[in-house]
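Biologist: Could you take one part of this structure and describe its surroundings carefully, step by step, for someone who is new to reading models?

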Amino acid sequence: MTIHSILKMGDPRLLRIAQPVQKFDTPELHQLIRDMLETMRAAQGAGLAAPQIGVDLQVVIFGSNEPNRRYPDRPLVPPTVLVNPVITPLGEDEEEDWEGCLSVPGLRGKVPRWLHIRYSGFDAHGSPIDRVAEGFHARVVQHECDHLMGKLYPMRVRDFSQFGFTEILFPGVDAPQDD
């Protein structure tokens, strides 16, 4: 397994549209997922998208069976590998809440997201995944899938008075954990 460098906002590779995975259950796909998991854990992330490590494929991972140190008060999200995801909003209700990103270190912003979604796609073996999510779980899925479309969360911030440095906005969160 390899811990990869995470691309930072400003790197043009983060703005590209990721390509669908064509072949499942390959050694290369499994290696990519192992590397992404190791990279996400090392960075204490809530999720990671393949484009964040410079891989132009529609692969995201998110969740953990343990509380996330960067989001200690958030509910657990089931550990998931999601390939070629599709998100469908269930209703028009949105919620604004704070987000951070490993590609935008040291900053947080309030971002509107659909409150209830259905997400579908495949696992690494090509087995279908179809789930309904709400709240933080839905937010994490939408955030990670945005990376596949070349979007970073600051592009969704509506009110920049609700955007700033983690150490100022959340003094209880250790800022280096956000890097």
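Modeller: In this predicted model, a good place to begin is the polar contact of 2.6 Å that joins the side chain of Asp97 to the side chain of Arg74. Asp97 is part of strand β4, and its relative accessible area is 16%, which falls under the 20% cut-off, so Asp97 counts as buried. If its neighbours within four places in sequence are left aside, the residues in contact with Asp97 are Arg74, Gly109, Lys110, Val111 and Arg139.

From the strand that holds Asp97 we can turn to the empty space inside the model. A search of the whole structure finds two cavities of 30 Å³ or more, and the largest cavity has a volume of about 160 Å³. Its lining is made up of 16 residues, of which Ala46, Tyr71, Gly100, His143 and Glu144 are the closest to the centre of the cavity. Strand β4, residues 94–101, and helix α2, residues 135–147, are the elements that give two or more residues to this lining, and α2 gives the most, with five residues. Sorted by class, the lining of the largest cavity holds seven nonpolar, five polar and four charged residues.

The second largest cavity has a volume of about 110 Å³, and among the 14 residues that line this second cavity, Ser64, Asn68, Pro75, Val77 and Phe136 lie nearest its centre. The lining of the second largest cavity divides into eight nonpolar, four polar and two charged residues.

Terms used:
Residues are numbered from 1 along each chain as its sequence is written. This is a predicted model: local features need pLDDT of at least 70, side-chain atom pairs count only at pLDDT 80 or more; totals for chains, interfaces and linings use all residues. Side-chain values use heavy atoms; hydrogens and water are left out. On a 1 Å grid over the protein atoms alone, a cavity is a set of points where a 1.4 Å probe fits but cannot get out, and a pocket is an open set with protein on both sides within 12 Å along at least five of seven lines; lining residues have an atom within 4 Å of a point. Grid points are joined across faces, edges and corners, and a volume is the space filled by probe spheres set on the points. Helices (H or I, at least four residues) and strands (E, at least two) are DSSP runs, numbered from the N terminus. Ala, Val, Leu, Ile, Met, Phe, Trp, Tyr, Cys and Pro count as nonpolar, Asp, Glu, Lys and Arg as charged, and the others, Gly among them, as polar. Buried means under 20% relative accessible area, exposed over 50%, partly exposed in between (1.4 Å probe, protein chains only). A polar contact is a pair of N or O atoms within 3.5 Å; within protein, one must be able to donate a hydrogen and the other to accept it, and residues adjacent in sequence count only if both atoms are side-chain atoms. Contact means heavy atoms within 4.5 Å.
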